[in-house]
Amino acid sequence: MKKILITGALGQIGSELTMKLREIYGTDNVIATDIKKNDSEAAQNGPFEIVDVTDLNRMGEVASKYNVDTVMHLAALLSATAEAKPVFAWNLNMGGLMNALETARELNAQFFTPSSIGAFGPSTPKDSTPQDTIMRPTTMYGVNKVAGELLADYYFHKFGVDTRGLRFPGLISYVALPGGGTTDYAVEIYYEAIKNKKYISYIDKGTYMDMMYMPDALSAIIDLMEADPTKLIHRNSFNVTAMSFSPEEIASEISLHVPGFEITYAVDPARQKIADSWPNSIDPSAAREEWGFKAEYDLTKMTKDMIEKLTQKIL
Ligand code: AKB
């Protein structure tokens, strides 16, 4: 039976991943950790510990207390916040990752951490971005993600830690809000559509970015962690995506469910610059070939589900 420690467990991915893993592996076998406790299910319904990921001793103490055999390291600053606070981002994103890898090495634990489409940069091929390609990001977040992918590879080759990772696109969910990302508009737009029938987008029309619905992201993490290691050529980190759209395309899909919905634009230069440096769409074929990655939700199916679930949640 697995014993899993999750850092950043109350964030956008963690709050759903914790609950999903508890369903599969048992509540007591999934230890949620974060820098603060809140009243979410992940914090309240199962083991929870306060862990600041920049504190290696504390992380090691909690991991040893529960005798964990898997470390899932999610705590990180997202792209827009990292760009606004680059030194803090380096210390948190790289320091936290190093501590989590060290904890996994000490306990001989399996390891997961997400990378991102932010690992790519303006000189990367923009369309159908290959798995193996030019990676010269121009954001602090991207620098952290590329370094993180290499560091996780290093821990595998040097110390034999079973490290695995995914390059996530923007993740869309009705449970927890993202914070400080460039793709966050694609979540906010659903809330505003339901509440006010209008949305002012900080990302300009015609800007394409990859996205994925949270249930597909959770399945991808679980499938990758369960995948036969002898089939994995890439490990850290696989391109995964379910769809690529522009603000006007998601708005037009939403207006099929919310008549009269309108999108207007007040472009935020900082976040637009980040978006412009990222691919329009990435190619997930290595993930398909090496461990059977498949996404169930496209824009149409995701929008129908988001509108139904969010309407129940907020109205
Ligand atoms: C962000 O926008 O920073 C994240 C990401 C794509 O990594 N959602």
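How many nonpolar, polar and charged residues make up the shell around the ligand? Keep that in mind as you start the tour.

This is a predicted model, in which local features need pLDDT of at least 70, side-chain atom pairs count only at pLDDT 80 or more, and totals for chains, interfaces and linings use all residues. Residues are numbered from 1 along each chain as its sequence is written, and side-chain values use heavy atoms, with hydrogens and water left out.

**Stop 1: the ligand**

Select the ligand and the residues near it (a heavy atom within 4 Å). You should see Leu 78, Ser 79, Ser 116, Ile 117, Tyr 141, Pro 169, Gly 170, Gly 181, Thr 182, Thr 183 and Trp 278. By class, five are nonpolar, six are polar and none is charged. Here Ala, Val, Leu, Ile, Met, Phe, Trp, Tyr, Cys and Pro count as nonpolar, Asp, Glu, Lys and Arg as charged, and the others, Gly among them, as polar.

Now look for polar contacts (N or O atoms paired within 3.5 Å; within protein, one must be able to donate a hydrogen and the other to accept it, and residues adjacent in sequence count only if both atoms are side-chain atoms). The side chain of Ser 79 has an N or O atom 2.5 Å from a ligand oxygen. For Tyr 141, a polar side-chain atom is 2.6 Å from an oxygen of the ligand. Thr 183 places a polar side-chain atom 2.8 Å from a ligand nitrogen. On its own, the ligand has 250 Å² of accessible area (Shrake-Rupley method, 1.4 Å probe). The protein covers 94% of that area.

**Stop 2: helix H3**

Select residues 56–65, helix H3. Helices (H or I, at least four residues) and strands (E, at least two) are DSSP runs, numbered from the N terminus. Which residues of H3 are buried (under 20% relative accessible area, 1.4 Å probe, protein chains only)? They are Met 59, Val 62 and Ala 63. Their arc around the axis, taken from the directions to the C-beta atoms, is only 100°, so they sit on the same side of H3. On the other side, Asn 57 and Lys 65 are exposed (over 50%).

Next, select Asp 55. This residue caps the N-terminal end of H3, with a side-chain oxygen 3.2 Å from the backbone nitrogen of Asn 57. Just after H3, Asn 67 has a positive phi of about 55°.

**Stop 3: Ser 15**

Move to helix H1 (residues 12–25) and pick Ser 15. Ser 15 counts as buried because its relative accessibility is 9%. A polar atom of its side chain lies 2.7 Å from the backbone oxygen of Gly 11.
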